[in-house]
Amino acid sequence: MQKVNKNVVLAVLSLTSLVFLLFQLYYYKFYLSQKNGAVFSKARGSQSGQDSTRWHVVRKFLGLISSHNIPVYLIDPLILGLVDKDIEQIRSSSDGPSPECKYFCAPRDFTTFALLDKAWKHEVGLFRTAEKMGFQWLKVLNKDPRLDGMDDLSGTEIPLHYIFKLASHAIHLVVFYERSGNFLWHGPLRLKQHMDRKFVPFRKLHFGRYPGQLTFASQVYPDDASVDAVEFRKRAKSLLHLAALTLNNLGVKFWLSSGTCLGWYRQCNVIPYSKDVDLGIFIRDYKADIIPAFQKAGLPLKHKFGKVEDSLELSFQGDDDVKLDIFFFYEEDDYIWNGGTQAKSGKKFKYLFPKFTLCWTEFVGLKVHVPCETLQYVEANYGPDWKVPVKTWDWKNSPSNVQYNGVWPVDEWDEVIQIY
């Protein structure tokens with residue numbers, strides 16, 4: 001019988017063990033880590049592979065549409081619900097997953113965005129770029145209801161939905177169209193016979209089972225078309241543009257406040273009977289250059305109430321009795337407040353708001369800040385009935401959050417009550 005070389009046996013066993021070890025590593029990486037990703041991610045404090053995939057797909061899609069200058073809007077009910085419940089988490093945190101992934105990595109098969117039809121030209125280049133980036137895509141067409149009854153055009157099809165799929169996640173892009181009834185409409189998602197019904201789990205889509213519509217605020221709060229209202233809105237918008245330009249040039253962060261914020265939030269427009277434009281600024285951002293800058297821009301100082309240390313408020317005169325009011329906000333441990341002063345009596349008032357952060361929005365053609373927690377901000381100032389227009393407003397008694405705050409000492413009136 002032939003002797004077995006021990007070195008050969010040892011080498012074979014070592015090689016076998018190495019192969020088995022590599023197999024275990026492969027098995028863990030490509031099977032267990034995906035199957036039990038949530039468990040392992042908790043232990044390590046990192047995101048699972050599935051979570052990373054969802055956020056990766058969303059980021060690639062946003063990069064795709066951004067490269068073609070196509071504006072889209074997040075309408076995903078799940079993500080918007082999470083943001084609404086936990087908006088404080090939007091702010092950056094030093095530890096834990098990024099705020100975006102906290103929401104965009106939520107378990108789901110789709111992320112849903114909206115597209116306004118008039119905002120793009122159905123460019124073929126978009127789909128070519130999408131394919132180069134690894135996306136598979138599907139376009140769903142159907143009849144344009146706006147053309148019903150027109151003999152020559154009835155039956156013309158328009159794009160209603162797009163699906164972009166990458167890896168295990170898909171982007172659902174819903175196309176909205178303006179209708180003559182002053183609302184936005186989206187159509188149902190109906191697959192043609194030749195379409196792949198297994199492309200994505202269509203039954204899980206939030207939009208598409210039925211057609212739907214979004215009503216413009218102008219239907220609930222019709223614009224006052226009187227000459228005076230039209231002229232006021234025109235002057236108020238011009239004044240807001242000038243104020244934004246002036247403060248931006250100074251590097252002073254501001255936001256829409258009081259009636260201007262209410263108009264943006266409630267009816268997407270300037271409230272025609274408000275008679276002024278209201279802005280808020282944190283007192284920490286105050287600069288002594290603010291008054292000279294507005295005066296140089298052609299807006300004389302109408303009054304200055306309070307002082308930097310307490311209840312500062314500035315008012316500038318615009319054209320035709322439209323004034324710009326700037327309220328300075330002071331931060332306490334549990335709340336934020338701005339002050340008010342009655343000139344004839346020296347009485348002080350205080351308006352309390354829950355703590356808030358700032359977000360960007362678009363208003364009358366401007367990119368401006370508003371409180372992220374807008375509903376809480378508006379309710380603090382106008383109460384639970386903020387949806388009901390009130391044309392008679394007493395700044396000392398009407399606000400829900402107003403408090404009497406004492407009286408200015410008479411020997412300070414020359415400093416804290418200045419009227420021009």
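Which residues does the UniProt annotation "domain: LicD/FKTN/FKRP nucleotidyltransferase" cover? According to that record, an unreviewed entry, the annotation covers residues 251–288. The model on screen is predicted, and the tour below returns to this span after a look at the whole chain and two stops earlier in the sequence.

**The whole chain**

Start with everything selected and coloured by secondary structure. The chain has 12 helices and 18 strands. It is made of 420 residues, and 42% of them count as buried. Take the contacts between residues at least 6 apart in sequence: 64% of these join residues at least 24 apart. Switch to a surface view next. About 24,200 Å² is exposed by the chain, with carbon and sulfur atoms supplying 54% of that area.

**Helix H6**

Select residues 124–132, which form helix H6. Show the side chains of Leu 126, Phe 127 and Ala 130, the buried residues of this helix. Then turn the view to look down the axis of H6. The buried residues fall within an arc of 90 degrees, so they line one face of the helix. The other side of H6 carries Val 124, Arg 128 and Lys 132, which are exposed. Beyond the helix, select Gly 134, which follows H6 and has a positive phi, near 100 degrees.

**His 161**

Move on to strand E4, residues 157–166, and pick out His 161 within the strand. Is His 161 buried or exposed? His 161 is buried, and its relative accessible area is 0%. Display the backbone of Gly 187 as well: its oxygen is 2.8 Å from a polar atom of the His 161 side chain.

To see what surrounds His 161, select its contacts, leaving aside neighbours within four places in sequence. They can be shown in these groups:

- Leu 138, Lys 139 and Val 140 are among the contacts of His 161.
- His 172, Leu 173, Val 174 and Val 175 also touch His 161.
- Gly 187, Pro 188 and Leu 189 are in contact with His 161 too.
- Phe 207 and Gly 208 complete the list for His 161.

**The annotated span**

Now select residues 251–288. The C-alpha atoms at the two ends of this span are 12 Å apart, and the span is 26% helix and 24% strand.

Inside the span, go to helix H9, residues 258–267. Of its 10 residues, 9 are buried, so the helix is largely enclosed by the rest of the structure. The buried set includes Ser 258, Gly 259, Thr 260, Cys 261, Leu 262 and Gly 263. Trp 264, Arg 266 and Gln 267 belong to the buried residues of H9 as well.

Compare two cysteines here. Cys 261 is buried, with a relative accessible area of 0%, whereas Cys 268 is exposed, at 57%. Cys 268 comes just after H9 and takes a positive phi of about 55 degrees.

Next, select Gly 280 in strand E9, residues 276–282. Gly 280 is buried, with a relative accessible area of 0%. Its C-alpha atom is separated by 8.8 Å from that of Lys 253, a residue 27 positions away along the chain. Not counting residues up to four places away in sequence, Gly 280 touches Lys 253, Phe 254, Trp 255, Ser 257, Phe 327 and Phe 329.

**Phe 356**

Follow the chain to the loop between strand E14 (347–353) and E15, where Phe 356 is found. Phe 356 is buried, with a relative accessible area of 8%. Pro 371 is 15 residues from Phe 356 in sequence, and the two C-alpha atoms are 6.1 Å apart. Show the contacts of Phe 356 outside its neighbours within four places in sequence: Trp 255, Phe 282, Phe 329, Ile 336, Pro 371, Glu 373 and Tyr 377. Trp 255 and Phe 329 were met before, among the residues that touch Gly 280.

**The disulfide**

Which residues does the disulfide join? Select Cys 359 and Cys 372, whose sulfur atoms are 2.0 Å apart. The structure holds 1 disulfide. Cys 359 lies in strand E15 (residues 358–363) and Cys 372 in the loop between strand E16 (366–371) and helix H11 (374–382), so the pair ties together parts that are 13 residues apart in sequence. The link is right-handed, with 105 degrees about the S-S bond.

Finish with the surface around this pair. Cys 359 is partly exposed, with a relative accessible area of 25%, while Cys 372 is buried, at 17%.

How values were computed: Residues numbered from 1 in each chain as written. Predicted model: local features only at pLDDT ≥ 70, side-chain atom pairs only at ≥ 80, totals over all residues. Heavy atoms only, no water. Buried < 20%, exposed > 50% of the residue type's maximum accessible area, 1.4 Å probe, protein only. Helix = DSSP H or I, 4+ residues; strand = E, 2+ residues; numbered from the N terminus. Arc of directions from axis to C-beta. Polar contact = N/O pair within 3.5 Å; in protein donor to acceptor, adjacent residues only side chain to side chain. Contact = heavy atoms within 4.5 Å. UniProt positions renumbered as here; feature names shortened; annotations may be inferred. Disulfide = S-S within 2.5 Å. Areas by Shrake-Rupley, 256 points an atom, 1.4 Å probe, with all protein chains shown as cover.
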